[in-house]
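Work through the following exercises with the sequence and the coordinates open beside you. Each task is followed by a solution that proceeds step by step.

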Amino acid sequence: MPYTPSGFFCDRLIRERERRDGEGSLNKPIRFNNQDYSVLRQECVHRKSLFEDDTFPATVESLGYKELGHKSNKVKNIVWKRPKEICENPQFIVGGASRTDICQGDLGDCWLLAAIACLTLNEKLLYRVVPSEQSFSEGYAGVFHFQFWRYGDWVDVVIDDRIPTFNNQLVFTKSAERNEFWSALLEKAYAKLHGSYEALKGGNTTEAMEDFTGGVTEFYEMKEAPKELYKIMKKALDRGSLMGCSIDSLVPARFETRTATGLVKGHAYSVTAVEECKPSQHKDAKVRLVRLRNPWGQVEWNGPWSDNSKEWSTISKAEKEKLHHQSAEDGEFWMSFEDFKKNYTKIEICNLTPDALEDDKIHKWTVSVNEGRWVRGCSAGGCRNYPDTFWTNPQYRLRLLEEDDDPEENEVGCTFVVALMQKNRRKERKMGANLFTIGFAIYEVHLPSPPLSNAGTLTLPVPKEMHGNKQHMQKDFFLVSSSKARCKSYINLREVTQRFRLSPGEYVIVPSTYEPHQEGEFILRVFSEKKNTSEEIENRIEADHPEVSVAVPTVINVRDPAPASAGEESEEDQQFRTIFQEIAGDDMEITANELKNVLNRVIIKHKDMNTEGFSLESCRSMIALMDMDGTGRLNLQEFRHLWNKLKQWQGTFKHYDADQSGFINSYEMRNAVNDAGFRLNNQLYDIITMRYANENMNIDFDSFISCLVRLEAMFRAFQAFDQDGDGTIRLSVLEAREEADVLEMKPQPSQNGKGGGLKEQKVAPADHVRLMETARPLQVSSAPHQDETRQPLPQHSVWPLILGS
């Protein structure tokens, strides 16, 4: 089972705090790789040296990993050069950035270049991505920067200006002007963001469009396009939306092959204009035209309304000037809207806000962004075709509170757009990662209602206590409930987006991969016309009985979990006392090694458990939990209390080990932990699975008990420190270090000569159960004098750091 270090969760916690401080916004973008453009530039100017980026070096590693890797012949003659080594008078931008500045090189990233061409149509957007104050003259230091939207945050990417060349020509993107370099440097920054140039090979135009704008994309298949498609396209460009299109190729080998009309299959184009013109021979009729651009900078449509076609002779000079008609082999061309629909198969529109393009009204939309992840064995449940695990997927509660202001519609409804995006798959290509097939379904959370609806069909209402609460919906709910809405299909794109209109109420959105057990991160964005809310369904972290001090325990019969009457001892209890006395000796206390022997002598008799017994590590954890007098050993009373808990937890384990294999499935761990008396959030369930499940996504009895022991200890510890009950505690780094040393539970020679015991330290009961084995909060505080700093740590923040230990 892959184990995710707790550093991941520290990073997530830090990122959440930074966002609250405005980090990741347009005005305060995150510094990618922690590189500050202004500081680096000033340092280089002061030293009179040119910047060299060691995080994206001018080596083969930055070119690629396979086709552009070390063993490829394609990279042998590539030389990295700065623009001043390529031409005499390099310029960042010549005469303003335009779509003709982008010509594709030897990299299959036409999707990216088509998006860049669209970006040049909106100057405000362009100079947000491409800061315009950069140049090769004043203050030149060989360092440049660009800004991209990255999974909910804006990031500032710094690069040096060394670019791959062959025979003194740029290998990848270039401008029609030999001395213009903004497009080549933008491509390099985008390559750095994804790990290499090769990572940019093949993609979807919408991916780059969204990374340039933070917008949301909607797709239209030409065969299913609405009647008002021309109007939709016209409004999209008027509103600053970016637009691309392509011709599908059913045969991969024919990607980027030219047709007889000059169009290219499996290739991305930019839509740069939508206009109407009036030919002179038609008194009233107007011709609808679409202007497109091939990022190759050449190879154009040769049909009607192409550069030199006879149709241009039918319109006036003024009309030609309005359309900026040119006869040049620059990759840009006009065609009629009817030919556009006949030849292209798909169009993508990236809206800066998802305003309904069919609607003349201007709406103000709200957006909520939720981060999540699918964890194999815990929350990677697959689609509805896998009912045993589908319910374990992350769930997001959507509350539609106000209907649309739409008097033309008789039906009350709330319009919203759901966009599910998988993260980092392009960057992880070099490790064999491909895009998952993803999608989502939306379920209505019914209020309690009569058994029969008006239609006479059976309706199973959600229990009242679950309506309005953040409770994870269980398997039974999905077995009897059909989805209210869902994406059209599961598809292997970075993002799946769809617009819906539903009645006001409460809903649950379940994002998933098509197949279960596929592990990855995602963000779920919900855009809505009105102030509606979406948030991850998170249980409140709580336990049924986290005692801070130990009361006299009730003896529980081994064969019957019900409490025995006062003073009664079963035969097995008496056997335990005898065994305990034999092993503990006169002092009636046992060490971790001795505890291991005692427990395993008993549990080995339970053949139905199919277990090899407890490990020494587990027994050390048990002693840390139950040793209330600080001796590092257990007396009989402490041992009995421990045994009562073990019997309770054993019953829970056996309930979920239905096939008596000695394991429970990791997907059932959520319910097993809940039955044991602990309610956790999704992040903690993920960590438990990663920490305790094996490669087959199963958890054995020893691991199950180890997990519950640690949970019990953490609940006690947090309750002991949370004196005011506000769910937040404060620990200095020094305190965390001291308690980590106390609870590290390394074998030490004991003072009474018994080998393998714990180092004896007298610790007050409440202090002894402090956050187990956690030096992790060290990563949370960034104060310069950490030993003097107390950092507030809420339960949901500190526990992932501990459980991941």
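Arg525 is buried, with a relative accessible area of 2%, in what is a predicted model.

**Exercise 1. Determine which acidic partner Arg525 meets in a salt bridge, and place the two residues in the fold.**

Solution. Begin with the side chain of Arg525, which forms a salt bridge with that of Glu495 at an N to O distance of 3.0 Å. Next, locate the partners: Arg525 belongs to strand E20 (residues 520-528) and Glu495 to strand E18 (residues 495-502), so that the pair links distant parts of the chain, 30 residues apart. Then check the burial of the acidic partner: Glu495 has a relative accessible area of 7%, and because the limit for a buried residue is under 20%, Glu495 is buried. Finally, widen the view to the network of salt bridges in which Glu210, Asp211, Arg494, Glu495 and Arg525 are linked.

**Exercise 2. Examine the salt bridges Glu338 with Lys341 and Lys475 with Asp388, and state for each where its partners lie.**

Solution. The structure holds 31 salt bridges, and these two are examples from the list. For the pair Glu338 and Lys341, the N to O distance is 3.8 Å; both residues lie in helix H11 (residues 337-343), 3 residues apart, which is about one turn of the helix. Glu338 is partly exposed at a relative accessible area of 38%, and Lys341 is partly exposed at 34%.

For the pair Lys475 and Asp388, the N to O distance is 3.7 Å. Lys475 lies in helix H13 (residues 475-480) and Asp388 in helix H12 (residues 387-390), so this pair ties together parts that are 87 residues apart in sequence. Lys475 is partly exposed, with a relative accessible area of 24%, whereas Asp388 counts as exposed at 54%.

**Exercise 3. Classify the ring pair Phe390 and Tyr443 by its geometry.**

Solution. By the ring-centre rule, the count comes to 32 aromatic pairs. The ring centres of Phe390 and Tyr443 are 6.2 Å apart and their planes stand at 55°, which falls between the cut-offs of 30 and 60 degrees, so the pair is tilted. Phe390 lies in helix H12 and Tyr443 in strand E16 (residues 438-444), so the pair ties together parts that are 53 residues apart in sequence. As for accessibility, Phe390 counts as buried at 2%, and Tyr443 is buried at 1%.

**Exercise 4. Find which aromatic residues form a cluster through ring pairs, and which rings have Arg288 and Arg425 over their faces.**

Solution. The cluster consists of Phe92, Phe136, Tyr140, Phe144, Phe146 and Phe181, linked by ring pairs. Turning to the charges, Arg288 lies over the face of Tyr230, at 5.0 Å from the ring centre, while Arg425 lies over the face of Phe436, at 3.9 Å from the ring centre.

**Exercise 5. Describe the surroundings of Thr173, beginning with its place in the chain.**

Solution. Thr173 sits in the loop between strand E6 (169-170) and helix H7 (182-194), and Thr173 is buried there, with a relative accessible area of 1%. Its side chain makes a polar contact of 2.8 Å with the side chain of Glu187. Once residues up to four places away in sequence are set aside, Thr173 touches Ile102, Cys103, Gly105, Asp109, Leu113, Ser183, Ala184 and Glu187.

Definitions and conventions: Residues numbered from 1 in each chain as written. Predicted model: local features only at pLDDT ≥ 70, side-chain atom pairs only at ≥ 80, totals over all residues. Heavy atoms only, no water. Salt bridge = Lys/Arg side-chain N within 4 Å of Asp/Glu carboxyl O. Helix = DSSP H or I, 4+ residues; strand = E, 2+ residues; numbered from the N terminus. Buried < 20%, exposed > 50% of the residue type's maximum accessible area, 1.4 Å probe, protein only. Polar contact = N/O pair within 3.5 Å; in protein donor to acceptor, adjacent residues only side chain to side chain. Contact = heavy atoms within 4.5 Å. Phe/Tyr/Trp six-rings, centres within 6.5 Å; stacked < 30°, edge-to-face > 60°. Lys NZ or Arg CZ within 6 Å of the ring centre and 35° of its normal.
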